[in-house]
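Trainee: I would like to learn how the labels given to parts of a protein model are justified. Could we go through some of them together?

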Amino acid sequence: MGSGGHRVLVGGFSHELNSFVPGLSTAEVLARAGATVIGDEMFGTASGEALERHAVADVAREAGVTLIPTIHMFGRVGPVIADDAYGPIRARILAGVREHRDELSGVMLCLHGAMATQSIDDTEGDILGAVREIVGPDLPVVATFDMHAHGTAAMARAANALVGYRTCPHTDYYQTGQRAMRLLVRAMDGDIRPVVSFRKVRMTASSEHHDTNHGPMVEVEAEARRLEGEPGVLDVAVFATQPWMDVPDIGWSVAVTTDGAPAIGQAVADALGRFIWERRERFRVVKTPVREALAAARASTAFPVVLADSADTTTGGGNGDGNLLLKELLLDERDDSAVLVLTDPGAVDRCFEAGVGADVTLQVGGSLTPQYFSPVTLSGSVITLADGRYQTELPITPTDVRRIAVVERGGLRVVLTAEKAPQLDESIYHRAGVWPRHARIIQVKSAGGFRAAYDPFAAAIIYIDTIGPADSDLTRLPFQRITRPLWPFDPDLDEPWEAAGGPGPAGPGAGA
Ligand SMILES: [Zn+2]
């Protein structure tokens, strides 16, 4: 059968909860932080974007499938989403499904998998379940996810395929959308009957070692691809989880999509779940004290040295106002060649009042996350004032940090932003007129995503042992709602899931 005449409804949302960041992600916050697109805008590629939804459009075009766009909210990372911000997005997608129900051959949702609202811990399970209720049991429903998805049984039950990123740093948005849409086309053509088998593993780990180019994740990804070669298996997704979500049932999971073979799928999901569990100690993150890291960077003869302040990861929910490295740099009067980015709306305002060329003395850092950080005094000259709208490179997407000021003290350049800036690439530095590759020391606030951009030119990368809402020692964070036992909170836990026969997972394909 050909694909001609198929009609597919497309929608989605993308946001990651960090429960340790104060505040609420309101509709206004999401509008400013993200890039919500409605209707045909969802498939536009004028800015060179290559996200999941753009791949969906390209595959649809090749296959002669007509797409019915609804809305895609791209909201990055932050505190819990306001119920009244999620409601209209959900309603818009579901209204489209209801309106077109009789003509649809399939539904494609581009999700992220780690969003929660004030009253819903699993928004992706919620939307997939609601879609399934409208379309009935037989219509193919496929969804894409970030590798940091908080995979749940509800998602697995409701969808015919859960397809996830295979790279961290994430560079395969487009390929993920492509794989998902190709699966959906095959399902609509009747070539396959995809079904998801699912396994939750009782472990969680900070993002540093989710890196698919270094460390234990290399083997996990390779094993996932090997298992994908098993007969009947269509796709294997590893969800490492956004680790800073304080919701029940958090932890790694594996979703295996098979061609109508849930028993095989469950066996594969279990095998990979156990493979990950057996490597859990290797996912522990060991970091270097700030002073020691700075001494090593200063002593290095090769440059630049990247100091990763991963506890304040701005793409992991941190506000970017952590100033522990800046404090350490300022303790010393030496003329370090160093570049840093810090979120501080008040300090930005004062730089704008003072003007370019003015000498300023500012209190910087700690204004947004005072439970972790306190301000430090920075004296220097304002060398740049800039508008905060620009495009990030990874992914290519519009960003708005409102206003940017750069304060220079000797060889030190501190980029101050009014809103937190993603730091997976050099774009915020470039927007500020600062060229990190020329500095000897670069601060990045990222737990690993930055390595796609920085690995190629960094002489060394050192993870500094700071505190913050994206702390890599998860046991230091005030989790309250997670389901125990859970490794590493329960370090002696010796089974990756509750043994069969207990009140735990149900049978194959049940989305345990
Ligand atoms: Zn991610």
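Mentor: Let us begin with a term: a residue is called buried if its relative accessible area is under 20%. Keep in mind that this is a predicted model, and that by this rule Trp252 is buried, as is Phe283.

Trainee: What makes Cys168 count as buried?

Mentor: Its relative accessibility is 5%, and the limit is under 20%, so Cys168 counts as buried. Cys351 is buried by the same reasoning, because its relative accessibility is 0%.

Trainee: How do you know that Cys168 is too far from the closest cysteine sulfur for a bond?

Mentor: The closest cysteine sulfur is in Cys110, and it lies 19 Å from the sulfur of Cys168, whereas a disulfide needs the two sulfur atoms within 2.5 Å. Cys168 is therefore too far away for a bond with Cys110, and a search of the whole structure finds zero disulfides.

Trainee: Why is the pair of Phe20 and Phe479 called edge-to-face?

Mentor: There are 10 aromatic pairs by the rule used here. In the pair of Phe20 and Phe479 the ring centres are 4.8 Å apart and the planes are at 80°; centres must lie within 6.5 Å and planes over 60 degrees apart count as edge-to-face, so both conditions are met. Phe20 lies in the loop between β1 (7-17) and α1 (27-33), and Phe479 in the segment after β17 (460-463), so the pair ties together parts that are 459 residues apart in sequence. Phe20 and Phe479 are both buried.

Trainee: What makes Trp252 and Phe283 an edge-to-face pair?

Mentor: Their centres are 4.9 Å apart and their planes are at 65°, which is again over 60 degrees, so the label applies. Trp252 is in the loop between β8 (233-239) and β9 (253-259), while Phe283 is in the loop between α8 (262-278) and α9 (290-299), and the two are 31 residues apart.

Trainee: How do you know that the charged end of Arg279 sits over a ring, and which ring is it?

Mentor: The ring is that of Phe275, whose centre is 3.5 Å from the charged end of Arg279, and the distance has to be within 6 Å. The direction must also lie within 35 degrees of the ring normal; the charged end of Arg279 is reported as sitting over the ring. Likewise, the charged end of Arg403 sits over the ring of Phe352, 3.9 Å from its centre.

Note on methods. Residues numbered from 1 in each chain as written. Predicted model: local features only at pLDDT ≥ 70, side-chain atom pairs only at ≥ 80, totals over all residues. Heavy atoms only, no water. Buried < 20%, exposed > 50% of the residue type's maximum accessible area, 1.4 Å probe, protein only. Phe/Tyr/Trp six-rings, centres within 6.5 Å; stacked < 30°, edge-to-face > 60°. Helix = DSSP H or I, 4+ residues; strand = E, 2+ residues; numbered from the N terminus.
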